[in-house]
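Biologist: Got a minute to walk through this one with me? I'd like to go strand by strand and then poke at the pocket.

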Amino acid sequence: MAEKEEVLHYFYVLKCHDDTFYAGYTIDVERRLKEHNDGVGAKYTRLAKRRPLVLLHHESFSTKSEAMKQEYAFKQLSRKQKELYLLQMKNSNRAIENENS
């Protein structure tokens, strides 16, 4: 019997054309971004004024529950707190890249 391939679960953040953020959950970030930009994603991103959307950040988790908890926590933050979180994550990713090079 073949081993079951482990599925990663993602929390992601998009920046909308109207300068708002959209946070969500998916197992396929590229597909989900395309759906949002095609106007068939979430109700919030279907409005033409919100498109195009740009992927700002994504994190992978081993369970759907973990990813959705992170999405919920992010959505509870104020705009300033969200901006700080995204900046910190961007900087920590840069530090990891520098360590690996």
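**Strands, pocket and loop**

Modeller: Sure. Strand S1 (residues 9-15) is largely enclosed by the rest of the structure, because 6 of its 7 residues are buried. Keep in mind that this is a predicted model.

Biologist: Which strands does S1 run antiparallel to?

Modeller: S3 is one of them, with 7 bridges joining it to S1 in an antiparallel arrangement. Strand S2 (residues 21-26) also runs antiparallel to S1, through 6 bridges.

Biologist: Who stands opposite Val-13 in S3?

Modeller: That's His-57. Over in S2, Val-13 has Ala-23 as its bridge partner.

Biologist: OK, His-57 then. Buried or exposed?

Modeller: His-57 counts as buried, because its relative accessibility is 7%, and the cut-off for buried is under 20%. His-57 is part of strand S3 (residues 54-61).

Biologist: What does the His-57 side chain make a polar contact with?

Modeller: The side chain of Glu-59, at 2.8 Å. Further off in sequence, beyond four places, His-57 is in contact with Phe-11, Tyr-12 and Val-13, and also with Tyr-85, Leu-86 and Met-89.

Biologist: Switching to the pocket. What volume does the largest one have?

Modeller: About 210 Å³. His-57 turns up again here, as one of the lining residues, and Leu-86 is another.

Biologist: Which element gives the most to that lining?

Modeller: H4, with 5 residues. Helix H4 (79-100) and S3 each supply at least two residues. The lining also includes Lys-15, Phe-21 and Asn-93.

Biologist: How many of the lining residues are charged, and how many nonpolar?

Modeller: There are 3 charged and 4 nonpolar residues, plus 2 polar ones.

Biologist: Now the loop between S1 and S2. Where does Asp-18 sit?

Modeller: Right in that loop. Asp-18 is partly exposed, because its relative accessible area is 26%, which falls between the 20% and 50% cut-offs. The hairpin has 5 residues between the strands, and Asp-19 there takes a positive phi near 70°.

Biologist: And which side chains does the Asp-18 side chain make polar contacts with?

Modeller: One is Thr-20, at 2.6 Å. Another is Arg-50, at 3.0 Å. Leaving out residues up to four places away in sequence, Asp-18 touches Lys-49 and Arg-50.

Biologist: How many residues apart in sequence are Asp-18 and Leu-53?

Modeller: They're 35 residues apart in sequence, and 9.2 Å apart in space, C-alpha to C-alpha.

Note on methods. Residues numbered from 1 in each chain as written. Predicted model: local features only at pLDDT ≥ 70, side-chain atom pairs only at ≥ 80, totals over all residues. Heavy atoms only, no water. Helix = DSSP H or I, 4+ residues; strand = E, 2+ residues; numbered from the N terminus. Buried < 20%, exposed > 50% of the residue type's maximum accessible area, 1.4 Å probe, protein only. Polar contact = N/O pair within 3.5 Å; in protein donor to acceptor, adjacent residues only side chain to side chain. Contact = heavy atoms within 4.5 Å. Pairing = 2+ DSSP bridges. 1 Å grid on protein atoms, 1.4 Å probe; cavity = no way out; pocket = protein on both sides within 12 Å on 5 of 7 lines; lining within 4 Å. Points joined across faces, edges and corners; volume = space filled by probe spheres on them. Nonpolar A, V, L, I, M, F, W, Y, C, P; charged D, E, K, R; others polar.
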